[in-house]
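Here is a walk through one protein chain, taken a piece at a time. Keep the structure open beside the text and find each part as it comes up.

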Amino acid sequence: MNYKGLLKCLALFCSLLPGLASAQQQPQRITGTVTDANNAPLPNVNIQIKHTDHGTKSDESGHYNLPVNPDDTLVFSYLGMQTFTVSVSAIQSPYHVRLEPADLDLDIVEVKVKRAPKSQNQLLKEYATNKNLIKTSWGILDKDGFSGTLTIIDGNQLINAGPDFLTSLQALVPNMRVVREAEGIFVFLQRFVNNFSSEDGVQISNPPALFDTDGTISENPPTYLVGSDIERVAILDRNSGIAKYGPRGAGGVIILNTKGQASLDEMDVDRSFDKKMLLDSLIASAARPENYLPFQSTYLQGLIPVRNRKKAWAIHEQQKKNHANHPYYYLDVCDYFLTRWNNTAETDLLKEEIVQRFSDRPEVIKALAYIQEKHGNYDLAVPLFESILANNTMPAQAYRDLANAYAEAADYKNAMTFYTHFGNASEALTGQAYDSSGEDNLITTELLNLLHLHGSELPEEAQLEGNTLEEGTRLVLEWNEPAVEFALDFINPYGSYDTWENAPSKDTDVPARYSSVQLFLDNDLQGKWVVNLNELHAGNDHPTYLKITIFYNYGQSKQSMEIKVFRLENTDRSLELFEFMQR
């Protein structure tokens with residue numbers, strides 16, 4: 001993504017001494033004060049040592065104190081201010097910084113909206129002649145319209161050499177390594193250092209590649225195949241693998257289409273290709289899940305029959321004495337009052353009390369923001385997401401959440417500011433460059449949509465090239481507990497279904513940047529869809545708040561959305577969460 005003029009940071013130094021002597025190599029301590037453009041002290045400014053987890057915050061007087069090494073780089077960041085970066089070798093303590101307001105200087109607007117993607121039936125009919133298509137467990141991917149990194153290899157390039165097809169494939173995929181050990185065969189798509197050793201002595205790390213063979217997903221390579229069995233091979237890199245397969249795809253994905261399956265498909269090109277969905281459907285037919293029921297504890301059961309708002313508030317005042325330190329009590333009561341009486345003085349008091357009592361619990365503040373959004377209070381959700389970002393918790397997710405909240409509140413200028421600011425400052429904030437078609441594709445999609453629908457309402461212009469705005473029915477899943485493990489089933493109008501899984505603990509080598517994901521439905525599958533929860537494990541006894549936003553006609557002038565929020569406990573049971581119609 002190309003942005004211009006978004007990080008023109010200016011800093012005025014009230015006290016700047018000559019540079020450090022070159023001979024100084026010992027650890028040192030930097031102190032100073034951070035102020036705004038009017039020289040007023042700025043509290044809670046994040047001062048972080050770049051590419052590390054070490055840092056501090058300025059106090060109420062704007063003062064900071066941080067141990068550093070001469071080769072460190074400091075990053076000063078604050079909500080609404082331009083991020084400022086400086087090398088320790090160029091400064092000396094005390095070091096005073098003045099942060100300037102973030103400005104929006106977007107020069108050129110150029111939104112490229114490509115043609116609508118082809119349907120699965122159309123792609124299936126073209127498969128035999130279009131070498132840029134690959135069949136997966138999630139449907140057919142088209143390399144020409146794919147936003148990530150997708151490499152497709154014709155099966156004719158594979159030869160029958162070695163014990164299986166991997167020997168031949170290894171010669172065609174740069175950096176691919178095959179580890180054959182007593183415990184099994186592992187395939188890696190990149191070189192890293194770890195305790196695995198390949199046949200040529202190269203050290204390789206986890207995670208290994210995932211395999212998708214004719215719609216069947218496995219962590220073990222199908223070594224029963226030889227080169228002549230394979231019609232087509234596709235390689236997804238790490239970012240594209242995560243985007244399509246979740247955390248299991250963190251080692252990349254190798255997709256195999258065999259010649260036997262291709263011949264079967266050519267006999268009846270009108271049917272959709274999804275072998276995994278058919279298998280899942282047969283299993284699902286054996287048991288229908290229970291319906292999701294909103295949580296009702298004893299304290300809510302005492303409130304529900306009450307018809308008078310003041311009487312309900314009096315009951316709450318008595319009950320909260322026994323639940324003063326339980327944030328989920330306050331969240332439940334706040335949701336109850338909003339549901340029963342909409343926005344009132346009581347709901348304002350509850351919101352303020354939750355923020356005051358539990359400001360150090362970002363998962364609680366985020367749950368409160370979800371509840372406000374569910375009830376259409378988009379303007380009230382904005383300051384809640386601002387406080388989460390100020391605490392520097394999961395900066396990628398926090399920037400996206402705040403930008404999205406501004407967009408929901410129809411403040412498109414601020415939405416653009418925070419989307420684009422993260423695009424420019426991603427590496428400084430997270431240690432990773434912005435990846436528009438990989439892990440950061442959620443932000444890319446929302447920024448494209450913002451420009452497409454509201455570009456004329458923005459005072460300045462932005463340039464965004466080389467990305468496709470996907471249209472149709474879009475689902476965005478968000479959860480307040482980053483480490484929660486859960487699985488959702490999406491059942492289409494024909495009774496087939498697919499499973500999406502969030503399992504962060506299975507891939508500890510890949511830090512989570514987001515606690516959200518977007519899914520686009522096949523536009524051919526019109527009718528009733530059902531969303532079920534398969535299982536949920538949060539690793540603690542706290543409830544998890546799951547927010548699901550359904551966008552209808554996404555990317556079009558008639559776009560609309562519906563927000564659902566679920567309070568979920570740990571469970572191994574299946575629950576039917578909700579139904580919706582795709583038209």
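**A lysine and its neighbours**

Leaving aside residues up to four places away in sequence, Lys366 touches Phe385, Ile388, Gln397, Asp401, Trp479, Asn480 and Ser515. Before going further, bear in mind that this is a predicted model. Lys366 itself belongs to helix H10, which covers residues 362–374. Is Lys366 buried or exposed? Its relative accessibility is 8%, and because buried means under 20%, Lys366 counts as buried.

Some of those neighbours take us straight to the next stop. Phe385 and Ile388 sit in helix H11, and Asp401 sits in helix H12; each of these three also takes part in the contact between the two helices. H11 runs over residues 378–390 and H12 over residues 395–408, and their axes come within 9 Å, crossing at roughly 165°. That angle is why H11 counts as roughly antiparallel to H12. The crossing of H11 past H12 is left-handed. On the H11 side, the residues that meet H12 are Tyr378, Val382, Phe385, Glu386, Ile388 and Leu389, while H12 brings Ala398, Tyr399, Asp401, Leu402, Ala405, Tyr406 and Glu408. Sorted by class, this contact between H11 and H12 has 10 nonpolar residues, 3 charged ones and no polar ones.

Now look at another pair of helices, H8 (residues 327–341) and H9 (residues 345–357). Their axes come within 9 Å and cross at roughly 160°. H8 and H9 are therefore roughly antiparallel to each other. Here too you can check the handedness: H8 passes H9 in a left-handed crossing. From H8, the contact uses Tyr330, Leu331, Val333, Cys334, Phe337 and Leu338, and from H9 it uses Glu346, Thr347, Leu350, Glu353, Ile354 and Arg357. The class count for H8 with H9 comes to 8 nonpolar, 1 polar and 3 charged residues.

Time to step back for a moment. How many helices and strands does the chain have? There are 14 helices and 29 strands. The chain has 583 residues, and 51% of them count as buried. Take the contacts between residues at least 6 apart in sequence: 64% of these join residues at least 24 apart.

On to the strands, beginning with an open sheet of 5. Trace them in the order S11-S18-S19-S16-S17, and you'll find that the pairing is mixed. Strand S11 (150–154) and strand S17 (216–218) are at the edges; each has a single partner strand, so one side of each is left without a neighbour in the sheet. From one strand to the next, the twist averages 20°.

You can walk across this sheet one pairing at a time. S11 and strand S18 (residues 230–236) run antiparallel and are joined by 5 bridges. Asp154 has Arg232 in S18 as its bridge partner. S18 in turn runs antiparallel to S19, with 6 bridges between them, and Ile235 stands opposite Ile254 in S19. The next step brings a change of direction: S19 and S16 pair in the parallel sense, over 4 bridges. Within S19, Leu256 is the bridge partner of Thr213.

Pause on S19, because there is a neat point about its surroundings: 6 of its 6 residues are buried, so S19 is largely enclosed by the rest of the structure. Both of its faces are covered, with Val253, Ile255 and Asn257 buried on one side and Ile254, Leu256 and Thr258 buried on the other. What lies across S16, S17, S18 and S19? Helix H3 (residues 238–245) does, running at about 100° to S18.

A smaller stop comes next: an open sheet of 3 strands in the order S4-S1-S7, again with mixed pairing. Strand S4 (63–68) and strand S7 (97–98) are the edge strands, and each pairs on one side only. Strand S1 (residues 28–35) runs antiparallel to S4, and 6 bridges join the two. Among the matched positions, Thr33 stands opposite His63 in S4.

We'll finish at a tryptophan. Trp138 lies in the loop between strand S9 (133–136) and strand S10 (139–142). At 29% relative accessibility, Trp138 counts as partly exposed. Look also for Gly215, which is 77 residues from Trp138 along the chain: the C-alpha atoms of the two are separated by 7.5 Å.

Notes:
Residues are numbered from 1 along each chain as its sequence is written. This is a predicted model: local features need pLDDT of at least 70, side-chain atom pairs count only at pLDDT 80 or more; totals for chains, interfaces and linings use all residues. Side-chain values use heavy atoms; hydrogens and water are left out. Buried means under 20% relative accessible area, exposed over 50%, partly exposed in between (1.4 Å probe, protein chains only). Axes are lines fitted to C-alpha atoms, for helices over the stretch in contact, and angles run from 0 to 180 degrees between N-to-C directions. Angles under 35 degrees count as roughly parallel, over 145 as roughly antiparallel, 65 to 115 as roughly perpendicular and the rest as oblique. A crossing is left-handed if the near helix is turned anticlockwise from the far one by less than a right angle, and right-handed if clockwise. Contact means heavy atoms within 4.5 Å. Ala, Val, Leu, Ile, Met, Phe, Trp, Tyr, Cys and Pro count as nonpolar, Asp, Glu, Lys and Arg as charged, and the others, Gly among them, as polar. Two strands pair if DSSP finds at least two bridges between them.
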